[in-house]
Amino acid sequence: MSPEERGERHYTIGFQLVAHISSTKESHHFHPITFAAADQINIAKSLTATKGLWRDQLMHIKCATLNLKAGERSMEVSDFPSALNYLQYGISFLPETRWDTNYGLSLRLYESACLACYINGRSDKMTGFLKEILENASSFEDKLNGLFVLVQCLTSAGKLKESIGKIFFILDELGESFPESGVTPAAIQDALMSAKSSLDGYPKEDLISAPRLNNKRMHWALKLMAYALPYIFMLKPSHLALLACRIVNISTKYGVASESAFGLSSYAYCRISILHDIDEGYRWGKTAVSLLESFGAKKLVPKLKILCYHLNFFWVEPLQSTSIALLQCHREALMVGDNEYASFGAHFYCAQNILCGSSLPIVEKECTALALKMIQLNQIPSCLTHLTNHQSVLTLIGSKKNPFDVLEGFIDNEDELLRHSLSTGRLSLAEAIYFNRFFVAFFFKRYDEAAKYAGTPKSQKASLKHTCHTFYEGLTAFHFARHGAEDEPNKWFQ
């Protein structure tokens with residue numbers, strides 16, 4: 001049988017399956033044989049691309065729509081390579097005049113293809129799909145899905161300043177502006193008091209059953225602010241309270257969305273770190289998780305839990321418990337295709353595991369495996385912070401292994417990573433390096449070296465590392481106080 005004959009046979013089978021789908025009661029829902037129909041038609045196209053079978057433009061649109069359905073369904077079940085394949089075939093069926101004659105279908109195909117490329121680590125292909133959207137979208141709102149994927153791609157590549165800058169630009173277009181710098185303690189206090197006033201008298205049950213947000217532009221603003229929160233925490237921690245409280249105020253005034261839970265969890269962290277109210281912070285963190293679960297947002301729950309176990313819950317729950325929960329959330333995030341937070345979960349798990357008495361050789365093996373996974377997922381920012389933790393474990397067990405070898409020359413060692421973090425404004429990464437060096441020096445009883453790192457800036461108040469740093473800093477100061485040396489560093493850190 002020639003390729004043309006095989007193509008015709010696949011074509012016939014494919015459209016017989018399409019006819020069967022159309023004749024069933026499930027024609028308006030996803031039918032299980034949609035995948036088989038799309039596969040047959042796509043094979044036919046690959047074998048008979050230039051033949052007369054494909055001259056009917058209506059047939060082209062039907063094939064593009066079929067592949068869109070198969071691609072979107074593949075994304076829903078986390079089969080992202082298949083999703084990208086279906087979506088690319090769907091785009092190939094579109095006519096040259098697609099943006100004029102089939103605007104809605106074209107936009108959905110290109111948006112889904114952008115997202116599939118990002119999840120599959122195919123930023124090379126994503127650029128072309130995104131360009132199509134930005135050049136042909138008829139409104140700013142229609143560009144938002146593509147721009148959001150671009151923001152995620154910039155973040156994954158470690159271009160955090162560019163990513164945050166793009167988010168603030170989009171938010172400004174949506175009518176939600178924030179100062180680029182110069183956030184004062186008074187502004188932070190005002191924001192927290194405003195959010196506290198909005199939430200006062202709001203029982204958990206009332207917040208969960210509150211009206212849902214229906215304004216599309218405002219929903220996009222919430223989505224972008226919620227996405228930015230952990231990176232603001234890294235780069236501009238003084239802005240964290242402003243974004244979190246803005247989300248809370250919009251949600252209580254106009255209605256809640258799934259993204260409201262992320263603002264609420266960050267507000268909970270601010271209650272702990274700024275207002276020193278652990279009980280209320282823990283309560284609002286738990287409420288945030290319940291709120292998100294009320295939306296049935298299974299893809300977002302692992303992300304929120306990772307943030308809460310990392311920042312809020314360890315104040316009340318045992319550290320051994322929260323570290324295991326982080327590992328489980330890491331696996332759940334992988335299952336739903338959230339590579340970004342799967343990597344964060346892995347990093348936070350190892351960081352907590354180091355501090356809760358686990359066997360260091362076992363921790364080292366886990367650090368190695370998870371670092372390789374982060375590289376595979378192209379999640380450079382979380383991997384960089386993870387590697388400095390890995391370095392401290394290797395030092396403590398006396399290993400000469402270089403954890404930075406996984407970066408294949410991008411960064412060769414921790415000294416280079418420190419220079420990189422300072423030059424790119426990643427202060428939280430620099431602080432992590434200083435803490436790990438302090439931690440190692442303390443346990444090897446190199447107290448003069450520990451004292452050198454004890455006074456380094458600590459912007460992330462109320463984080464687990466800040467708390468541990470303060471504790472061991474006190475022990476180091478106590479060492480110098482007991483020995484009563486005349487040249488003790490920093491007068492016992494005052």
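Here, a residue is called exposed when its relative accessible area is over 50% and buried when that figure is under 20%. All the close-ups below come from a predicted model.

**Close-up A. Helix α19 and its two faces.**
Let's start on the outside: Ile362, Lys365 and Gln376 are exposed on the face of α19 that is turned away from its buried side. On the buried side sit Val363, Glu364, Cys367, Leu370, Ala371 and Met374. Looking down the axis of α19, these buried residues fall within an arc of 135 degrees, so they line one face of the helix. Among the elements covering them are α17 (319-335), α18 (339-355) and α20 (380-396). The helix itself runs over residues 360-376, and its length checks out: 17 residues at 1.5 Å each should span 24 Å, and the end C-alpha atoms are indeed 24 Å apart. Just past α19 comes Asn378, with a positive phi near 60 degrees.

**Close-up B. Ile375, a residue of helix α19.**
Zoom in on Ile375, which belongs to α19. Is Ile375 buried or partly exposed? Its relative accessibility is 27%, so Ile375 counts as partly exposed. Setting aside neighbours within four places in sequence, Ile375 makes contact with Ile380, Cys383, Val406 and Leu407. Take Leu407: it sits 32 residues from Ile375 along the chain, yet their C-alpha atoms are separated by 7.7 Å.

**Close-up C. Helix α14 alongside helix α16.**
How do the axes of these two helices cross? The axes of α14 (residues 260-273) and α16 (residues 301-311) come within 10 Å and cross at roughly 0 degrees. That makes α14 roughly parallel to α16. By class, the contact between α14 and α16 is made up of 7 nonpolar, 1 polar and 1 charged residues. On the α14 side you'll find Ala261, Phe262, Ser265 and Tyr269, and they meet Lys303, Leu304, Leu307, Cys308 and Leu311 of α16.

**Close-up D. Helix α16 and what packs around it.**
Staying with α16, this helix is mostly covered, with 10 of its 11 residues buried. The buried set is Val301, Pro302, Lys303, Leu304, Ile306, Leu307, Cys308, Tyr309, His310 and Leu311. Which helices do these buried residues pack against? They pack against α12 (216-235), α14, α15 (278-294), α17 and α18.

**Close-up E. Helix α23 from its buried and exposed sides.**
The buried residues of α23 (residues 447-454) are Tyr447, Ala450, Ala451, Tyr453 and Ala454. Around the axis they cover an arc of only 165 degrees, which puts them on the same side of α23. Their packing partners are α22 (427-443) and α24 (464-483). Flip to the face turned away from the buried side and you meet the exposed residues Asp448 and Lys452.

**Close-up F. Leu66 in helix α3.**
Leu66 is part of α3 (residues 57-76). With a relative accessibility of 11%, Leu66 counts as buried. Leaving out residues up to four places away in sequence, Leu66 touches Val18, Thr34, Ala37, Ala38 and Ile41. For a sense of scale, the C-alpha atoms of Leu66 and Val363 are separated by 47 Å, with the two positions 297 residues apart along the chain.

**Close-up G. Met126 in helix α7.**
Here the focus is Met126, found in α7 (residues 123-136). Met126 has a relative accessible area of 3%, so it is buried. What does Met126 touch, not counting residues up to four places away in sequence? The answer is Cys114, Cys117, Tyr118, Val149, Leu150 and Cys153. Ala116 is 10 residues from Met126 in sequence, and the C-alpha to C-alpha separation is 8.4 Å.

**Close-up H. Two loop residues with positive phi.**
Most residues other than glycine have a negative phi, but this view shows a pair that break the habit. Ser78 has a phi near 65 degrees, a positive value, and it isn't a glycine. Its place is the loop between α3 and α4 (80-92), and with a relative accessible area of 26%, Ser78 is partly exposed. Glu408, also not a glycine, has a positive phi of about 50 degrees. Glu408 lies in the loop between α20 and α21 (414-423), and its relative accessible area of 74% makes Glu408 exposed.

Technical notes: Residues numbered from 1 in each chain as written. Predicted model: local features only at pLDDT ≥ 70, side-chain atom pairs only at ≥ 80, totals over all residues. Heavy atoms only, no water. Axes fitted to C-alpha atoms, helices over the stretch in contact; angles between N-to-C directions. Helix = DSSP H or I, 4+ residues; strand = E, 2+ residues; numbered from the N terminus. Parallel < 35°, antiparallel > 145°, perpendicular 65-115°, else oblique. Contact = heavy atoms within 4.5 Å. Nonpolar A, V, L, I, M, F, W, Y, C, P; charged D, E, K, R; others polar. Buried < 20%, exposed > 50% of the residue type's maximum accessible area, 1.4 Å probe, protein only. Expected span 1.5 Å × (residues − 1). Arc of directions from axis to C-beta.
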